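Q: Could you take a close look at one spot on the surface for me? After that, I would like to follow the chain from there into the interior and back out again.

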Amino acid sequence: MNRRLFLGIGFAVWLLATVVFRLAGQLFFRPDQPLPLTLLWLATAAAMVVIARLLFSWRELARAQRFEAAALLVAPGMALDAVAIELFVDVFPNMPPDSAGSFGAWLLIAYASVLIAAILPSEAN
């Protein structure tokens, strides 16, 4: 398994998401509108499972390798998002400060979904 590849993909996904939410986060994270927020959480969870599973399949990873790959995928974002959340108002000036909790919850769902994808059974294993 190419560890650098999974770290790089994890970093790239983190960077893309951070740029998107820095520019348009106010459209997604509105604590006063719980239904769209819930739908975002569900869509994100499903998308992250699908993306992770496609990556695992693409690299033909055995079940034991998927755990390491999932950890490598989420590690860059988890570390960098810890800083981004601490500096929330500076990193995401377009989002109201009271959306930090919803944003943090969304991040946890996204990262947990990748980790869960590693433990789901696959056709090959």
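## From a surface patch to the core

A: With a relative accessible area of 38%, leucine 15 is partly exposed, because that value falls between the 20% limit for buried and the 50% limit for exposed. Please keep in mind that this is a predicted model. Leucine 15 sits in helix α1, and it has company at the surface: Phe11, Leu15, Val19, Leu23 and Leu80 make up a nonpolar patch. Together these residues offer about 430 Å² of accessible area. Helix α1 is the main contributor to the patch, giving four residues.

Now let us turn inward. The largest nonpolar core has 28 residues, and those that touch the most other members are Phe6, Phe29, Phe56 and Phe103. Two or more residues come from each of α1 (3-28), α2 (34-58), α3 (63-86) and α5 (100-119). Of these, α5 gives the most, with eight residues.

Phenylalanine 29 is a good place to pause. Leaving aside residues up to four places away in sequence, its contacts are Phe21, Leu37, Leu40, Met95, Pro96, Ser99, Ser102, Phe103 and Trp106. Phe29 also belongs to an aromatic cluster, which it forms with Phe21, Phe28, Phe88, Phe92, Phe103 and Trp106. So Phe21, Phe103 and Trp106 turn up both among the contacts of Phe29 and in this cluster, as you can check on your screen.

The structure holds 11 aromatic pairs. One of them joins phenylalanine 88 and phenylalanine 92, whose rings are tilted at 45° between the planes, with 5.5 Å from centre to centre. Both of these phenylalanines are buried.

Next along the chain is proline 93, in the loop between α4 (88-91) and α5. While Phe88 and Phe92 are buried, proline 93 counts as exposed, at 52% relative accessibility. Not counting residues up to four places away in sequence, proline 93 touches Arg22 and Phe88. Its C-alpha atom is 9.2 Å from that of glutamine 26, although the two residues are 67 apart along the chain.

What about the charged side chains? Two salt bridges are found in the whole structure. In one, glutamate 68 meets arginine 3, with 2.3 Å between the closest N and O atoms. Because glutamate 68 lies in helix α3 and arginine 3 in helix α1, this pair ties together parts that are 65 residues apart in sequence. Both partners count as partly exposed: glutamate 68 has 31% relative accessibility, and arginine 3 has 47%.

The other bridge links the side chains of arginine 30 and aspartate 32, at 3.4 Å from N to O. Here arginine 30 is partly exposed, at 34% relative accessible area, whereas aspartate 32 is exposed, at 56%.

One last stop is worth a look if you like checking backbone angles. Glutamate 60 is not a glycine, yet it has a positive phi of about 50°. You will find glutamate 60 in the loop between α2 and α3, where it is exposed with a relative accessible area of 69%.

Terms used. Residues numbered from 1 in each chain as written. Predicted model: local features only at pLDDT ≥ 70, side-chain atom pairs only at ≥ 80, totals over all residues. Heavy atoms only, no water. Core = buried A, V, L, I, M, F, W, Y, C linked by side-chain atoms within 4.5 Å. Buried < 20%, exposed > 50% of the residue type's maximum accessible area, 1.4 Å probe, protein only. Contact = heavy atoms within 4.5 Å. Patch = residues over 30% accessible without salt bridge, like charges linked within 9 Å, V, L, I, M, F, W, Y side chains within 5 Å. Areas by Shrake-Rupley, 256 points an atom, 1.4 Å probe, with all protein chains shown as cover. Salt bridge = Lys/Arg side-chain N within 4 Å of Asp/Glu carboxyl O. Phe/Tyr/Trp six-rings, centres within 6.5 Å; stacked < 30°, edge-to-face > 60°.
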